[in-house]
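Trainee: Could you take me through one part of this model at close range? I would like to see what surrounds that part, and then what the surroundings look like themselves.

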Amino acid sequence: MDENTRWQKLAAEFLGTAFLVFVGVGSVPALLIVDDANGSTFSGSDLGIISLAFATVVIVTVYVFGYISGNHINPAVTLGLAATGKFPWAQVPTYLAAQVLGAVAGAFAIVGVLGTKASDVGLGVASYGDAIPWYQAFFAEFIGTFLLVFAVFGVIYRKAAPGWAGLAIGMMVFAAIIPVAPTTGASINPARTTGPMLVQQVLGGHVSWEQWPVYVVAELLAGVAAALSFGLIAHTAQDNAAESAVENAADTRPAEVLAPAVPSEV
């Protein structure tokens, strides 16, 4: 059977999330350092570059790791897949652990490349200001993550045009960051939220841990809501029959067959 081992899948999730954080999150302190050196301020064009950095790395990781682990690289995606029966619940804890550890490794890599200045300018940690109430931040992260996970389920659906998953998901990441970032920094990923916060804490930087539950709860709820919503509007009688057949055969088929690797994010 041409199936990757569980350790290979976890390694892919670790590396994919590390790539995401290093390139995407790393673009934030990189631009802040450059802007400071040039005496300029953060601008809309900087936001566009950050969005493009995230989109680009997502596109690449989908095609590099998608056939190994599914390239979830986002606990909201993993939880959404599990909630809809497309991924085994038994594998969720290890996937989430690999994603968070990958995010930590990616954040440390940012400091390794940019130096302590990266931590001095915030390390790209997602946060919202005092002028923004928690419920506005919660809603912003919920909407951004919902859009992302909904797009993921759309491109992995059996009727979707084949071969476009990476580009479609990457472009949704790009699009979602633009309106959400001014409010919360547009994390839209619990691992991306958590990893840089942990590293920034270790390096002695300021971390608003009271904001962490706002981000993570909103993102995880959005992942499940998007997965269920897509099923409601897209699934047909044939999908329901296929799912029933899988459930009836569950006792005789290995978990890897029930949950094949699917290209997703983020």
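**Helix 2 and its surroundings**

Mentor: Happily! Helix 2 runs for 12 residues and spans 16 Å between its first and last C-alpha, close to the 16 Å expected at 1.5 Å a residue (that expectation is 1.5 Å times one less than the number of residues). Helices here are DSSP runs of H or I with at least four residues, numbered from the N terminus. Please keep in mind that this is a predicted model, where local features need pLDDT of at least 70 and side-chain atom pairs count only at pLDDT 80 or more, while totals for chains, interfaces and linings use all residues. Residues are numbered from 1 along each chain as its sequence is written, and side-chain values use heavy atoms, with hydrogens and water left out.

Which residues of helix 2 are buried? They are S27, V28, P29, L31, I33 and D35, where buried is under 20% relative accessible area, exposed is over 50% and partly exposed lies in between, using a 1.4 Å probe and protein chains only. The packing partners of these buried residues are helix 1 (6-25), helix 3, helix 5 (92-114) and helix 6 (117-120). Just past the end of helix 2, look for G39, whose phi is positive at about 70°.

Now follow those partners outwards. Helix 5 also makes the biggest contribution to the largest nonpolar core, giving eight residues. That core holds 52 residues in total, and F54, V58, L123 and I177 have the most contacts inside it. (A nonpolar core is a set of buried Ala, Val, Leu, Ile, Met, Phe, Trp, Tyr and Cys residues joined through side-chain atoms within 4.5 Å.) Take F54 as your example: beyond residues up to four places away in sequence, F54 touches L20, G24, V25, V173, I177 and R192, a contact being heavy atoms within 4.5 Å. There is also a second, separate core of six residues, with A126, Y128, A137 and Y215 among them.

One of the residues that F54 touches, R192, brings us to helix 9, which covers residues 190-202. Its 13 residues reach 19 Å from first to last C-alpha, close to the 18 Å expected at 1.5 Å a residue. Why call helix 9 largely enclosed by the rest of the structure? Because 10 of its 13 residues are buried: P190, A191, R192, T193, T194, G195, P196, M197, V199 and Q200. Their cover includes helix 1, helix 3, helix 5 and helix 6, along with helix 4 (75-83) and helix 10 (212-234). Helix 1, helix 3, helix 5 and helix 6 are thus names you have met already, as packing partners of helix 2.

Past helix 9, the loop leading to helix 10 holds V207. With a relative accessibility of 10%, V207 counts as buried. Outside its neighbours within four places in sequence, V207 is in contact with M197, Q200 and Q201. V207 also lies 9.5 Å from P196, C-alpha to C-alpha, with their positions 11 residues apart in sequence.

Finally, have a look at T145, a residue of helix 7 (residues 134-156). Its relative accessible area is 0%, so T145 is buried. Apart from neighbours within four places in sequence, T145 is in contact with A76, I188, E219, A222 and G223.

Notes. Helix = DSSP H or I, 4+ residues; strand = E, 2+ residues; numbered from the N terminus.
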